[in-house]
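Please examine the fold shown below before turning to the explanation.

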Amino acid sequence: MEIANHLILVAGLLFLVSILASVLSPRLGVPLLLVFLVVGMLAGEDGPGGILFHDYSLSNLAGTAALAVVLFDGGMRTRMTTFRVGLQPAVSLATVGVLVTTGVVGAFAAWVLHLPLVEGFLIGAIVGSTDAAAVFSLLHSNAVHLNERVTSALEIESGTNDPMAVFLTLGLLQYMQAPADYHWYEGLIFLVQQMGLGVLIGVYGGRALVWSLNRLNLSDSLYPLMALFSGLFIFGLTASLHGSGFLSVYLAGVVLGNRKVRAFGSIRRFHDGVAWASQIGMFVILGLLVTPSKLLPVAIPALLISLVLILVARPLAVVLALSPFRFPLREQAYIAWVGLRGSVPIVLATFPWLAGIDNAGLVFNVAFFIVLVSLVVQGWSVGPMAKLLGLQMPASTAMVHRSDFDLPGTRGYEIVSYLIGENSPLIGLKSKNLPIEDTSRIVCISRRGKVISYREWGTLRAGDYIAMLASQDELPKLDETFRSDHVAPKREAAEARFFGEFQIDLKAPATALADAYGLDLPESAKTRNVAEFFKSVIPRPVVGDRLRLGEMELVVKKMDGEKITEIGLRLPH
């Protein structure tokens, strides 16, 4: 009984310390997941906590389960529209990119550590994939705003490249255990089986989950639990059939997150908390598992391998994987830099221990050191690097809060809140005169810290917070209405710097633009208007895309689906 009480005490303390440390993380600029990892290391045998923990089997189980939860939650937050521009590049990064990374890092690791080539490739495979938890944490934070193409490529890549890393790791371990009996076609069959079952069970399992949630009458608190354990069931079923559980649970989350589902608001809020708990638990346990004093003997070679991974292998992999997709060089540079390594390599590094491979300890320590370097060097600089490369976009929303709302018989509604700025053109308007759809309803108005009665609403004032019930389909129009706040000089200046000082008439002949600014355009532009000319050069544009014309740039400012609706002209700076 005393042991159980002490375990509960220690677990609660570690989680509390991790959560409280996350408050300081943004102020110090420290990557949040690194904080959780350091908390585990400090609690371990070389830290003040002095906890002895060397259970690789338990760590592998905890890490795998936590990754399943994180991927399921990440899938629910991936919009299907991102697949329009990001699916093919991401799949290329998740396959070709992982293979190239494995080859380059593996060959260098074998040379610098004086290991057989197959063991070097094992290290390369273990650190070959980007980490879903780290990337999702980055993309869903408020620190970095990227265009849709970069965001979707990074997001989908991190959710789909784990199967390739797992396949290469397990394949190399099987070969090392019985090299004489291993045949190359067995690996190919295993890869097809992993990917095929992962896609099949993930998609149809997600559809079955949506069907069940919409037809079963459960207590409100049971819908999130049913979604969670269904996701774990889909993962376990796929893995038991020797498919990729990581791929299947991510795709099941994508299907769930892009359908109208009963109680989806509570499901998403619940899974946000569970995903955070999973990340904290996973990184703390993996931090406990490592012995920092054992990292010192491998520090120099592991640092060299880290530098080769960050500066050579990842950039080369990105260039080769994205070469068919016409990504701008600065976007390729950023995708190469945000190849964050996190929990996945550490979890995969426990496989050699479980397989009883020689040098398993060396492989684990090198992989852990590489993760530390990646989180410190890359994780610390993702925001500054976006600004340096000109990819940091102005905030695209004026919302100060949003929350899913479940109404009986309907789905897909949210409560959204906006702040009325000091010089907003909406000041002085009555609620009934606001330029919003009839289906949007004002829920309340907060003035000077108090919710006022609807009889006292009167006209809108600066500093009012207005909360509205609206369909998710109406949110872009609402956001546009409330973003027309000309009081935000910093935001206006930021938008002008990024999107350009002037707006160009899309239907104007491209030759007129050339004559007005003395631009030298190709012959193909003479028969096209500005929008047609832009799409002829960049066939699948997204908001934020730039087309350089001499010293000036045309920048996509707004889009409606695949149609450009506004283009800005950015003058030389």
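The paragraphs that follow proceed from the whole chain to individual elements and residues.

The structure is a predicted model, in which local features need pLDDT of at least 70 and side-chain atom pairs count only at pLDDT 80 or more, whereas totals for chains, interfaces and linings use all residues. Residues are numbered from 1 along each chain as its sequence is written, and side-chain values rest on heavy atoms, with hydrogens and water left out.

The chain comprises 22 helices and nine strands; helices (H or I, at least four residues) and strands (E, at least two) are DSSP runs numbered from the N terminus. The radius of gyration of the chain is 26 Å, which agrees with the value near 25 Å for a compact globule of 573 residues. This radius is taken over C-alpha atoms, and the globule rule is 2.2 Å times the number of residues to the power 0.38. Along the principal axes, the C-alpha atoms fill a box of roughly 75 × 65 × 45 Å.

Of the 573 residues, 53% are buried. Buried denotes under 20% relative accessible area, exposed over 50%, and partly exposed the range in between (1.4 Å probe, protein chains only). The exposed area of the chain is about 26400 Å², of which carbon and sulfur atoms supply 63%; accessible areas come from the Shrake-Rupley method with a 1.4 Å probe, and for residues only the protein chains shown count as cover. Contacts, defined as heavy atoms within 4.5 Å, reach far along the sequence: among those between residues at least 6 apart, 74% join residues at least 24 apart. The chain carries 44 positive and 44 negative charges, and their mean positions are 8 Å apart. In this count, Lys and Arg are positive and Asp and Glu negative, while His and the chain ends are not counted; each charge is placed at NZ of Lys, CZ of Arg, CG of Asp or CD of Glu.

Helix H14 illustrates how a segment is covered by others. Within residues 329-337, which form H14, the buried residues are Glu 331, Gln 332, Tyr 334, Ile 335, Ala 336 and Trp 337. Their cover includes helices H4 (83-113), H7 (148-160), H13 (299-322), H17 (360-378) and H18 (382-388).

Two of these covering helices, H13 and H17, may be followed through one residue in each. Ser 306 is found in H13 and Ile 370 in H17. At 1% relative accessibility, Ser 306 counts as buried, and Ile 370 likewise counts as buried at 1%. Leaving aside neighbours within four places in sequence, Ser 306 is in contact with Phe 369, Ile 370 and Val 373. With residues up to four places away again not counted, Ile 370 touches Val 127, Ala 302, Ile 305, Ser 306 and Leu 309. The C-alpha atoms of Ile 370 and Leu 309 are separated by 8.7 Å, although these residues lie 61 apart along the chain. Ser 306 and Ala 367 are also 61 residues apart in sequence, with 9.2 Å from C-alpha to C-alpha.

Aromatic rings provide a further set of links. The whole structure contains eight aromatic pairs. Rings of Phe, Tyr and Trp (its six-membered ring) pair if their centres lie within 6.5 Å; planes under 30 degrees apart count as stacked, over 60 as edge-to-face and the rest as tilted. Phe 235 and Phe 246 form an edge-to-face pair, with 5.4 Å centre to centre and 65° between the planes. Phe 235 lies in helix H10 (residues 222-240) and Phe 246 in helix H11 (residues 245-257), so the pair ties together parts that are eleven residues apart in sequence. Both Phe 235 and Phe 246 are buried. Elsewhere, ring pairs link Tyr 56, Trp 353, Phe 364 and Phe 368 into a cluster.

Helix H12 (residues 264-289) contains Ile 285, which is partly exposed, with a relative accessible area of 25%. Beyond residues up to four places away in sequence, Ile 285 touches Phe 53, Ser 59 and Ala 62. Ile 285 and Leu 37 are 248 residues apart in sequence, yet their C-alpha atoms are 8.1 Å apart in space.

Finally, two loop residues merit attention for their backbone angles. His 114, in the loop between H4 and helix H5 (117-126), has a phi near 60°, a positive value in a residue other than glycine. Ala 263, in the loop between H11 and H12, has a positive phi of about 60° although it is not a glycine. His 114 is exposed, with a relative accessible area of 72%, whereas Ala 263 is buried, with a relative accessible area of 9%.
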